[in-house]
Amino acid sequence: MAEEQDPGDQRAESRYICIHGHFYQPPRENPWLDAVEVQDDAHPYHDWNERVCAEAYAPNDSARILDAKGKIIDIVSNYEKISFDFGPTLLAWMEEHAPEVYAAVLRADRDSKRRFSGHGSAIAQCYSHMIMPLAPESDRRMQVIWGCRDFRHRFGRAPEGMWLPETAVDLTTLDFMAEQGIRYTILAPHQAARVRPMDEDVWCEVAQGSLDTSIPYRCMLPSGRTIDIFFFNRRIADAIAFGDLLKSGRRLAERLSRCLSSCTGPAPLLHVATDGETFGHHHRFGEMALAYCLREIDDQGTGTLTIYGEYLDRHPSSWEAEVREGTSWSCSHGIERWRSDCGCQTGGDPHYRQAWRAPLRAAIEGLRAEAGSCLDEALPRLVKDPRGACEDYVEVLLDRTPQTVQQFLSSHAWHPLAPDEEVALLRLMEMHRHAMLMGTSCGWFFYDISGIETVQVLKNAARVMHLLREAGAEDPEPAFLATLARAESNFRECGNGAAVYERFVRPALVDLPRAALNSAVRSLFPALAVDGAWYHFAVGYEALERVSSGVGTLATGRISLRSGLTHAEGTCMVAAFFGADQRIAAGAGPPSTPHPGELSEVLHRGDAETVVRLIEEAYPFRVSRWEDLCRDERRRIFRHLLDPSLQAFHRANESTVDRHAVLLRELLKGRVRLSPSHEAWLATVLGDRLAQMLLADHIDVARLAPVAAHLRRLPETADPAPLNRAFSTALSRMCAAFARHPGNRELMDDIHLIFTALDALGLSPDLRECQNIIFALGRSHLAPKRERAAQGDAEAQAWMDGMGRIASRLGIRIG
């Protein structure tokens with residue numbers, strides 16, 4: 001006889017909760033380098049992708065659940081219990097720059113299938129987040145196809161659902177999605193126009209707040225296909241994103257459960273959708289509130305956690321809906337936010353205007369039309385099926401190896417391509433790619449045309465114009481800039497869109513001559529001037545000569561380059577000068593450019609001004625300022641130049657501490673007071689010494705505590721930032737070593753000693769990685785060790801005691 005089920009359990013099993021996270025960052029790559037350059041406003045991170053990854057994407061894979069005393073009792077992946085989508089261009093960045101987080105996202109999707117009846121948590125996203133109703137029909141189709149193929153490549157399965165950028169919707173796009181096998185999408189409730197039961201003829205108009213969001217709806221499409229739509233609960237979604245629900249996981253769970261209990265129908269679904277960055281980046285510790293909420297829902301049984309694909313299988317749509325085309329979730333005026341001064345904006349003064357959006361839209365659409373005409377004319381001469389070639393180019397983006405590129409070329413070209421034809425075809429494919437990237441929604445979303453998101457789409461547009469010129473088309477830039485000039489910035493110093501372009505976009509252009517100039521400056525420094533890769537360029541130094549005198553160093557020679565993106569190649573004659581006064585000058589020209597014969601003689605005469613003048617006169621391409629170099633290249637050279645001084649600083653600090661040991665002891669006993677400048681200098685010296693000890697290949701842990709104790713007694717304090725980073729790095733390394741060798745008691749003791757030094761200073765290093773390692777180690781080793789200790793094994797008991805102390809220091813409750 002079957003066990004009798006509690007009525008409350010039956011009720012929970014027929015009521016469902018789903019939380020959807022839309023994880024996305026705009027493409028940030030320099031279009032000529034295919035890499036994200038340093039973004040200073042993301043400090044201390046290299047760029048905003050890295051920062052948001054650290055604050056949201058990584059924490060949601062290892063979200064802490066705390067007990068009433070604030071101790072960690074579990075570390076979980078939120079991705080396994082929610083529905084989510086990740087932008088394809090963001091995943092491409094993560095695969096290279098945050099591989100552990102990337103792997104965790106894919107793993108969570110695989111693991112979620114066990115929970116959700118074979119359905120994975122992840123859904124697809126249109127490829128580059130353009131506003132689909134505003135895009136040409138060919139781009140809308142391509143965005144869907146590339147998004148689906150990117151998803152299959154990464155997650156190893158076909159996507160069931162697809163996220164529309166900004167949920168901006170039109171029937172044609174929905175039809176393209178259904179054509180690719182997409183079953184459903186997610187929209188805001190105001191995007192429903194009218195609904196009806198599928199077995200009835202009478203439509204009900206949807207007034208504000210009247211839509212039942214607890215059921216899915218079937219949408220009939222022009223082709224006869226259908227797609228299901230989930231309209232999320234906007235009130236709770238807004239409270240999560242913009243209110244205070246994430247201050248408490250219990251409060252969030254109670255709000256969801258309370259709302260679910262008021263839902264009617266046989267199997268109501270309470271579901272919300274919000275930006276994934278809400279959980280950790282926009283709201284600090286938001287990922288912890290989400291984790292606690294999901295655990296609470298599971299434990300209390302007030303509803304069953306589900307995802308959309310699983311719910312649809314169990315409860316197919318019985319209602320039909322018509323959508324309001326040209327609407328979105330983030331603009332109350334439809335999709336005007338991406339083409340007019342509608343009043344919607346984020347992050348700026350409420351008095352700022354966005355009249356710049358219309359000319360920006362006009363400039364981008366005009367350029368897109370020119371690129372489309374060029375592609376329509378040029379591609380049929382090179383490939384058998386232009387649309388098929390454009391669709392398949394995503395495979396090159398997913399795996400840009402020589403084998404993949406050759407497979408693409410051979411499968412689409414009419415005949416084996418000559419080198420110049422190969423370059424021409426790849427340039428056209430890159431033009432097609434950037435013509436879509438320049439439509440990325442973020443370019444219009446924020447408050448001013450000078451913002452980094454708008455500058456990014458302008459860089460993509462500049463890349464399109466560059467490729468159009470290389471394809472032999474008439475230069476579109478003058479007309480483009482004339483239109484941009486009508487886009488007034490809110491900031492007087494930025495002027496208008498054309499001025500923003502000249503100030504922020506043109507300097508980012510890196511063609512073969514500019515790549516040669518960057519490489520020429522590198523050639524001044526032997527440690528940096530090595531054959532190999534510079535971004536995607538293959539670089540070779542030929543006949544390089546380097547001479548020095550009292551006024552500086554001169555390098556001359558040839559540099560060969562080959563683009564990894566378009567296979568365009570060339571050789572430049574180059575000369576570069578680095579003066580004793582640390583200024584630079586470099587020139588590049590075609591292979592026929594002769595080097596000024598008197599350069600070396602003038603250098604040895606000590607005439608730096610003439611060296612610079614000769615370079616400027618002899619070469620058609622020149623740089624004369626550090627800011628003319630690519631941002632990360634500048635950083636690399638500066639670090640190379642400053643590293644010897646930094647190492648000398650470290651050695652001097654070591655020497656100072658050793659030489660004045662007796663004086664320091666007297667000072668630390670409080671018997672002598674020095675001037676604030678002396679005491680601040682001593683704090684810097686001791687802080688630097690401690691940081692270097694922590695970062696050494698072998699940490700002499702026994703010496704840490706005395707140095708830390710000395711530092712604590714000083715009236716002045718050392719800069720905590722480098723010490724926090726050093727302690728975090730040292731502890732992570734030691735915990736990782738302990739996890740590899742859990743029987744090594746010395747490692748356990750060393751970790752205790754590092755914590756003893758840390759306790760003396762009252763610092764707050766980031767211990768997240770240590771917590772992850774030790775929690776996982778406890779989960780795998782604690783039970784057998786406890787069993788052996790219970791049987792009288794003294795060594796196991798000692799291990800348990802030591803592990804308990806480490807866990808306690810990390811805020812972890814074990815047992």
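In helix α8 of this predicted model, the residues Gly249, Leu252, Ala253, Leu256, Ser257 and Leu260 are buried. These residues lie on the same side of α8, because they cover an arc of only 125 degrees around the axis. Such an arrangement can be read against the general geometry of helices: an α-helix has 3.6 residues a turn, so residues three or four places apart point the same way. The buried residues of α8 pack against two helices, α7 (234-242) and α9 (286-300), and against the strands β1 (16-23) and β14 (269-275).

The length of α8 was also examined. The helix comprises 13 residues, 249-261, and should therefore span 18 Å at 1.5 Å a residue; its end C-alpha atoms are 18 Å apart, in agreement with this expectation. At the start of α8, the backbone nitrogen of Arg250 has a side-chain oxygen of Ser248 within 3.3 Å.

The largest nonpolar core contains 189 residues, and those with the most contacts inside it are Tyr57, Phe86, Met94, Leu174 and Phe480. Helix α11 provides the largest share of this core, ten residues. A second, separate core has 54 residues, among them Leu667, Ala708, Ile774 and Ala807. In soluble globular proteins, nonpolar side chains tend to be buried together. Beyond its neighbours within four places in sequence, Phe86 is in contact with Phe23, Tyr57, Tyr79, Leu91, Met94, Val105, Ile123 and Gln125.

Gly343 is located in the loop between β16 (319-323) and α11 (357-382). Gly343 counts as exposed because its relative accessibility is 54%, the cut-off being over 50%. Along the chain, Gly343 and Tyr447 are 104 residues apart, and their C-alpha atoms are separated by 9.8 Å.

Note on methods:
Residues are numbered from 1 along each chain as its sequence is written. This is a predicted model: local features need pLDDT of at least 70, side-chain atom pairs count only at pLDDT 80 or more; totals for chains, interfaces and linings use all residues. Side-chain values use heavy atoms; hydrogens and water are left out. Helices (H or I, at least four residues) and strands (E, at least two) are DSSP runs, numbered from the N terminus. Buried means under 20% relative accessible area, exposed over 50%, partly exposed in between (1.4 Å probe, protein chains only). A nonpolar core is a set of buried Ala, Val, Leu, Ile, Met, Phe, Trp, Tyr and Cys residues joined through side-chain atoms within 4.5 Å. Contact means heavy atoms within 4.5 Å. The expected span of a helix is 1.5 Å times one less than its number of residues. The arc is that of the directions from the helix axis to the C-beta atoms. A polar contact is a pair of N or O atoms within 3.5 Å; within protein, one must be able to donate a hydrogen and the other to accept it, and residues adjacent in sequence count only if both atoms are side-chain atoms.
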